[in-house]
Amino acid sequence: MDRLAPTRRPPGRPVGYQRWRELLFLHWTVPAATLRPLVPRRLAIDEYEGQAFVGLVPFRMEGVRQAWMPERAALDFLETNVRTYVHLDGEHPGVYFFSLDAASRLAVWVARAAWALPYFFARMEMTLGEGGTEYRLERRSGTRPGLHVRYRPGEPLGPSAPGSLEFFLLERYFLYAERGGLLRGQVHHMPYPAQRASVVELHEDLIASAGLSHPDTAPLAHYAPGVDVEIFPLVRVPG
């Protein structure tokens with residue numbers, strides 16, 4: 001599988017811009033069989049050395065806007081996603097989202113309508129201090145699952161090397177969604193300036209809310225201070 005091709009900027013003009021900041025990547029290994037019923041049939045579960053993963057990624061969004069909008073009209077808000085990794089017939093490795101929580105009702109509405117993504121409105125708070133970062137989330141619908149995590153960024157790792165676990169988990173540029181068939185979107189940004197991270201405290205039930213068993217092991221944790229992102233349009237996948 002060509003995992004470098006998705007990192008290259010696609011032709012054409014982006015339809016939007018975003019800045020992703022203060023990203024915490026938490027990952028657990030899970031049996032691929034538990035993911036299979038939750039992922040569209042046409043997509044294969046992507047594995048690294050025989051292991052499948054579920055990820056939980058809280059971060060901050062800045063400058064979220066359509067390409068035609070001025071920067072002064074852009075949105076800033078917190079967001080958290082629960083996801084796994086997939087590919088289509090051995091090509092286009094990407095992300096499939098089980099949920100995305102955002103602290104902006106407008107962003108939730110636009111993303112659901114235009115991108116067919118499972119967004120939810122949540123009350124969220126992020127505090128940066130000398131002792132690390134604290135992030136809180138409570139979804140304002142359904143069973144109101146939440147997240148409370150405290151963490152500290154650690155040793156710089158730099159851009160992830162192709163073939164490494166960090167590259168597999170972090171460097172994802174395609175996303176998939178379903179609406180009357182399979183859709184694929186693409187983003188472009190510079191490689192993440194990855195760092196290790198240490199989790200001081202973690203309480204969450206977002207993964208269970210997605211239909212998966214709650215992980216009983218400590219997560220693999222990475223951090224990135226941020227990247228500037230170009231958003232390209234959704235396309236319908238033939239077939």
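Tutor: A cavity is a set of points where a 1.4 Å probe fits but cannot get out. Keep that in mind for this predicted model.

Student: What volume does the largest cavity have?

Tutor: About 50 Å³. The structure holds one cavity of 30 Å³ or more.

Student: Which residues line the largest cavity?

Tutor: Arg3, Pro6 and Pro93 do, together with Phe167, Phe168, Glu171, Arg172 and Tyr173.

Student: How many residues of that lining are nonpolar, polar or charged?

Tutor: Five are nonpolar and three are charged. None are polar. Tyr173 may surprise you. Tyr counts as nonpolar here, so Tyr173 falls in that class.

Student: Now the pockets. What makes a pocket something other than a cavity?

Tutor: A pocket is an open set of points, whereas the probe cannot get out of a cavity. The largest pocket has a volume of about 710 Å³. The second largest pocket has about 170 Å³.

Student: Which residues lie nearest the centre of the largest pocket?

Tutor: Gln18, Met61, Val64, Tyr119 and Ile231. They belong to a lining of 38 residues.

Student: Which elements each supply at least two residues of that lining?

Tutor: Strands E1 (16-30), E3 (52-66), E4 (75-88), E5 (91-102) and E9 (174-178), and helix H2 (105-115).

Student: How does the lining of the largest pocket divide by class?

Tutor: It has 30 nonpolar residues, four polar ones and four charged ones.

Student: And which residues line the second largest pocket?

Tutor: They include Thr29, Val30, Pro31 and Thr34. The stretch Gly211, Leu212, Ser213, His214, Pro215, Asp216 and Thr217 also takes part. By class, this lining has four nonpolar, six polar and one charged. Gly211 is in the lining, and Gly counts as polar, so Gly211 goes with the polar group.

Student: Let us turn to single residues. Why is His148 called buried or exposed?

Tutor: Its relative accessibility is 12%. Buried means under 20%, so His148 counts as buried. His148 is found in strand E8.

Student: What does His148 touch?

Tutor: Leaving out residues up to four places away in sequence, His148 touches Glu134, Tyr135, Arg136, Glu201, Leu202 and His203.

Student: How do you know which contact joins the side chains of His148 and Arg136?

Tutor: Their side chains are joined at 3.4 Å. The cut-off is within 3.5 Å, so the distance fits a polar contact. Arg21 and Asp228 also have a polar contact between side chains, of 2.6 Å.

Student: Where does Arg21 lie, and what does it touch?

Tutor: Arg21 lies in strand E1. Beyond four places in sequence, Arg21 touches Phe59, Arg60, Glu62, Pro225, Gly226, Val227 and Asp228.

Student: Why is Leu234 called buried, exposed or something in between?

Tutor: Leu234 has a relative accessible area of 24%. Buried needs under 20% and exposed needs over 50%, so Leu234 is partly exposed. Leu234 lies in strand E12. Its contacts, beyond four places in sequence, are Ala114, Trp115, Leu175, Leu183, Arg184 and Gly185.

Student: How far apart are Leu234 and Phe174 in space?

Tutor: They are 9.9 Å apart, C-alpha to C-alpha. In sequence, 60 residues separate Leu234 and Phe174.

Student: What makes E8 and E11 a pair of strands?

Tutor: Strand E8 (146-158) and strand E11 (194-204) share nine bridges. At least two are needed, so E8 and E11 pair. The sense is antiparallel. Gly158 has Ala194 in E11 as its bridge partner.

Student: How many bridges link E11 and E12?

Tutor: Two, again in the antiparallel sense. The cut-off is at least two bridges, so E11 and E12 pair. Strand E12 covers residues 220-236. Tyr223 in E12 is the bridge partner of Gln195.

Student: What is the value of phi for Glu49?

Tutor: Near 50 degrees, a positive value in a residue other than glycine. Arg144 has a positive phi too, near 55 degrees.

Student: Where do Glu49 and Arg144 lie?

Tutor: Glu49 lies in the loop between strands E2 (44-45) and E3. Arg144 lies in the loop between strands E7 (132-139) and E8.

Student: Why is Glu49 called buried or exposed?

Tutor: Its relative accessibility is 70%. Exposed means over 50%, so Glu49 counts as exposed. Arg144 has 39%, which falls between 20% and 50%, so Arg144 is partly exposed.

Conventions
Residues are numbered from 1 along each chain as its sequence is written. This is a predicted model: local features need pLDDT of at least 70, side-chain atom pairs count only at pLDDT 80 or more; totals for chains, interfaces and linings use all residues. Side-chain values use heavy atoms; hydrogens and water are left out. Helices (H or I, at least four residues) and strands (E, at least two) are DSSP runs, numbered from the N terminus. Buried means under 20% relative accessible area, exposed over 50%, partly exposed in between (1.4 Å probe, protein chains only). A polar contact is a pair of N or O atoms within 3.5 Å; within protein, one must be able to donate a hydrogen and the other to accept it, and residues adjacent in sequence count only if both atoms are side-chain atoms. Contact means heavy atoms within 4.5 Å. On a 1 Å grid over the protein atoms alone, a cavity is a set of points where a 1.4 Å probe fits but cannot get out, and a pocket is an open set with protein on both sides within 12 Å along at least five of seven lines; lining residues have an atom within 4 Å of a point. Grid points are joined across faces, edges and corners, and a volume is the space filled by probe spheres set on the points.
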